[in-house]
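Biologist: I'd like to learn how to read a helical protein model. Could you walk me through it, starting with how helices pack?

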Amino acid sequence: FFMFLTYLMSVIIPIFILVCEYNKINLLDKIYMILAKACILRKDTKEAKKILISLIEKNDNCTEAHKMLAEIYEQEGGIRKAIDEYVKVVDLDPNAYDSYFKIATLLKELGNKEDSLDMLTKLVNKKPDYLEASIALTDLLCEDERYKEAISIMNEAIKYYPNNFDIYYNMGMIYTM
């Protein structure tokens with residue numbers, strides 16, 4: 001047992017740390033994230049928020065922490081705080097399309113339809129194969145009776161998902177309107 005423990009402490013752990021440093025993995029961030037996830041599994045969101053805020057204070061560039069904090073705020077009904085955290089995620093990672101989509105849906109939930117429409121339009125232009133964003137955008141366009149624009153968005157979505165019957169159903173509904 002002591003031989004194994006000595007081997008573990010003197011060889012395996014240092015190699016693990018060197019590999020993490022070589023791959024630019026911040027172990028402290030990962031430990032904080034694991035602790036926060038454990039708190040969430042225990043339904044202790046208050047403690048998870050404390051851990052995540054502490055991590056963000058140490059490393060404001062941790063997109064995972066901002067995203068997890070945003071999800072907690074969203075579950076608790078703190079939509080504005082959730083939007084702020086999702087915005088930080090998008091600022092840190094412009095390719096965080098899910099966070100971009102969340103911002104748009106939360107803005108719509110707040111009644112800020114124009115900003116939501118702008119966000120979804122930008123998202124669909126950046127990533128035209130993002131089906132949920134395309135559908136949400138067409139819904140908003142249909143609410144404004146902008147059917148031709150909605151049809152063009154759906155036509156673009158068909159290029160990426162030719163076998164998705166929901167797209168065809170949505171197009172039929174738009175043509176009916």
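Modeller: Sure, and keep in mind that this is a predicted model. Start with a cut-off: when the angle between two axes is over 145 degrees, the pair counts as roughly antiparallel, while under 35 degrees counts as roughly parallel. In general, two packed helices are described by the angle between their axes and the distance between the axes.

Biologist: OK, so what are the angle and the axis distance for helix 5 and helix 6?

Modeller: Helix 5 covers residues 79-92 and helix 6 covers residues 97-109; their axes are 9 Å apart and the packing angle is about 155°. Helix 5 and helix 6 are therefore roughly antiparallel. The crossing of helix 5 past helix 6 is left-handed.

Biologist: Which residues of helix 5 and helix 6 meet?

Modeller: On the helix 5 side you'll find I79, A82, I83, Y86, V87, V89 and V90, and they meet S99, Y100, K102, I103, L106, L107 and E109 of helix 6. Sorted by type, the residues of this contact are 11 nonpolar, 1 polar and 2 charged.

Biologist: Let me try another pair. At what angle do helix 3 and helix 4 cross?

Modeller: Roughly 145°, with the axes of helix 3 (residues 45-58) and helix 4 (residues 63-76) coming within 10 Å. That crossing is left-handed. From helix 3, the residues in contact are T45, A48, K49, L52, I53, L55 and I56; from helix 4, they are A65, H66, M68, L69, I72, Y73 and E76. This contact divides into 10 nonpolar, 2 polar and 2 charged residues.

Biologist: That's a lot of nonpolar names. How should I read a nonpolar core, and which residues touch the most other members here?

Modeller: The general idea is that in soluble globular proteins, nonpolar side chains tend to be buried together. In this model the largest nonpolar core has 50 residues, and L52 and L120 touch the most other members. Take L52: leaving aside residues up to four places away in sequence, L52 touches M33, A36, A65, M68, L69 and I72.

Biologist: How do I judge single residues? Is T138 buried or exposed?

Modeller: Check the relative accessible area: under 20% is buried, and over 50% is exposed. T138, in helix 8 (residues 131-143), has 1% relative accessibility, so T138 counts as buried. Its contacts beyond four places in sequence are A150, I153, M154 and I174.

Biologist: And what about N170, buried or exposed?

Modeller: N170 sits in helix 10 (residues 165-176). Its relative accessibility is 18%, so N170 counts as buried. Again leaving out residues up to four places away, N170 touches I135 and M154. For a case in between, look at A38 in helix 2 (residues 27-41): with a relative accessible area of 32%, A38 is partly exposed.

Biologist: Last thing: phi angles. What is the phi of K43?

Modeller: As a rule, most residues other than glycine have a negative phi. K43 isn't a glycine, yet its phi is positive, about 65°. K43 lies in the loop between helix 2 and helix 3 and counts as exposed because its relative accessibility is 73%.

Biologist: Where does E145 lie?

Modeller: In the loop between helix 8 and helix 9 (147-160). E145 also has a positive phi, near 60°, without being a glycine. With 60% relative accessibility, E145 counts as exposed.

How values were computed. Residues numbered from 1 in each chain as written. Predicted model: local features only at pLDDT ≥ 70, side-chain atom pairs only at ≥ 80, totals over all residues. Heavy atoms only, no water. Core = buried A, V, L, I, M, F, W, Y, C linked by side-chain atoms within 4.5 Å. Buried < 20%, exposed > 50% of the residue type's maximum accessible area, 1.4 Å probe, protein only. Contact = heavy atoms within 4.5 Å. Axes fitted to C-alpha atoms, helices over the stretch in contact; angles between N-to-C directions. Helix = DSSP H or I, 4+ residues; strand = E, 2+ residues; numbered from the N terminus. Parallel < 35°, antiparallel > 145°, perpendicular 65-115°, else oblique. Left-handed = near helix turned anticlockwise from the far one by under 90°. Nonpolar A, V, L, I, M, F, W, Y, C, P; charged D, E, K, R; others polar.
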